[in-house]
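Got the viewer open? Let's take a walk through this one together, one selection at a time.

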Amino acid sequence: MRRPEAARQPEAVKRLPRRMTLLILWSLSRLPSTAAAAAEQQDAIGKNWGNVDDYCQEMILKYIVGSSDISEWDSLVNTIKGMEIDKVLAAKQEAYDDYLQRVEELKK
């Protein structure tokens, strides 16, 4: 038996930090516009990021409007892992680290 929306709302509010975590991870996964990724990094990002980005945007909206229940969180995480988000984030982190190194070199 499915509970009415009003009855589910307090539970959804209690779990807001998990929703915010998804939003924060999604937004932080974007590189600064001045951080250019090397060809190998760009390849890893390009192969997977479009699908991950589309899926995250879709799910964020579903969580916000309440058409998807937060109890499906583990499924969302497993889906994103299956899309090889680890490779994407590793490539983006490497590109960002390279960017920070170049900034530090410019300061010298």
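Start by selecting Trp49: helix H3 bends there by about 45°. Keep in mind as you look around that this is a predicted model.

Now widen the selection to H3 itself, residues 39–65. The helix is 27 residues in length and spans 38 Å from its first C-alpha to its last, close to the 39 Å expected at 1.5 Å a residue. Just after H3 comes Gly66, with a positive phi near 85°.

**The buried side of H3**

Which residues of H3 are buried? Pick out Gln41, Ile45, Asn48, Trp49, Val52, Asp53, Tyr55, Cys56, Met59, Ile60 and Tyr63. Many viewers let you colour a selection like that, so give it a colour and read along the helix. In an α-helix there are 3.6 residues a turn, so residues three or four places apart point the same way.

For contrast, click on Asp43, which is in H3 too. With 41% relative accessibility, Asp43 counts as partly exposed. Next, draw a line from the C-alpha of Asp43 to that of Ala91: the two are 8.9 Å apart in space, yet 48 residues apart in sequence.

**Over to H5**

Ala91 is a good place to step across, since you can now select helix H5, residues 85–107. H5 has 23 residues and reaches 33 Å from first C-alpha to last, close to the 33 Å expected at 1.5 Å a residue. Its buried residues are Ile85, Val88, Ala91, Lys92, Ala95 and Tyr99. What covers them? Show H3 and H4, which are among the parts that do the covering.

Stay with Lys92 for a moment and bring Trp49 back into view. The charged end of Lys92 sits over the ring of Trp49, 4.5 Å from the ring's centre.

**An aromatic pair**

How many aromatic pairs does a search of the whole structure find? There are 2. To see one of them, select Tyr63 and Trp73: the ring centres are 6.4 Å apart and the planes are at 40°, so this pair is tilted. Tyr63 belongs to H3 and Trp73 to helix H4 (residues 73–82), so the pair ties together parts that are 10 residues apart in sequence. Both residues are buried.

**The core**

Next stop is the largest nonpolar core, which has 14 residues. Select Trp49, Val52, Tyr63, Leu76, Ile80 and Ile85, the members with the most contacts inside it. The elements that give two or more residues to this core are H3, H4 and H5. Which of them gives the most? That is H3, with 7 residues. As background, nonpolar side chains in soluble globular proteins tend to be buried together.

**A loop stop**

Follow the chain to the loop between H4 and H5 and click on Glu84. Phi of Glu84 is near 60°, a positive value in a residue other than glycine. At 34% relative accessibility, Glu84 counts as partly exposed.

**Zooming out**

Finally, show the whole protein chain. You should find 5 helices and 0 strands, so to speak a run of α-α-α-α-α from the N terminus on. Of the 108 residues in the chain, 28% are buried. And among contacts with a separation of 6 or more, 77% come from residues 24 or more positions apart.

Key: Residues numbered from 1 in each chain as written. Predicted model: local features only at pLDDT ≥ 70, side-chain atom pairs only at ≥ 80, totals over all residues. Heavy atoms only, no water. Phe/Tyr/Trp six-rings, centres within 6.5 Å; stacked < 30°, edge-to-face > 60°. Helix = DSSP H or I, 4+ residues; strand = E, 2+ residues; numbered from the N terminus. Buried < 20%, exposed > 50% of the residue type's maximum accessible area, 1.4 Å probe, protein only. Lys NZ or Arg CZ within 6 Å of the ring centre and 35° of its normal. Core = buried A, V, L, I, M, F, W, Y, C linked by side-chain atoms within 4.5 Å. Expected span 1.5 Å × (residues − 1). Bend = angle between axes of the 7 residues up to and from the residue. Contact = heavy atoms within 4.5 Å.
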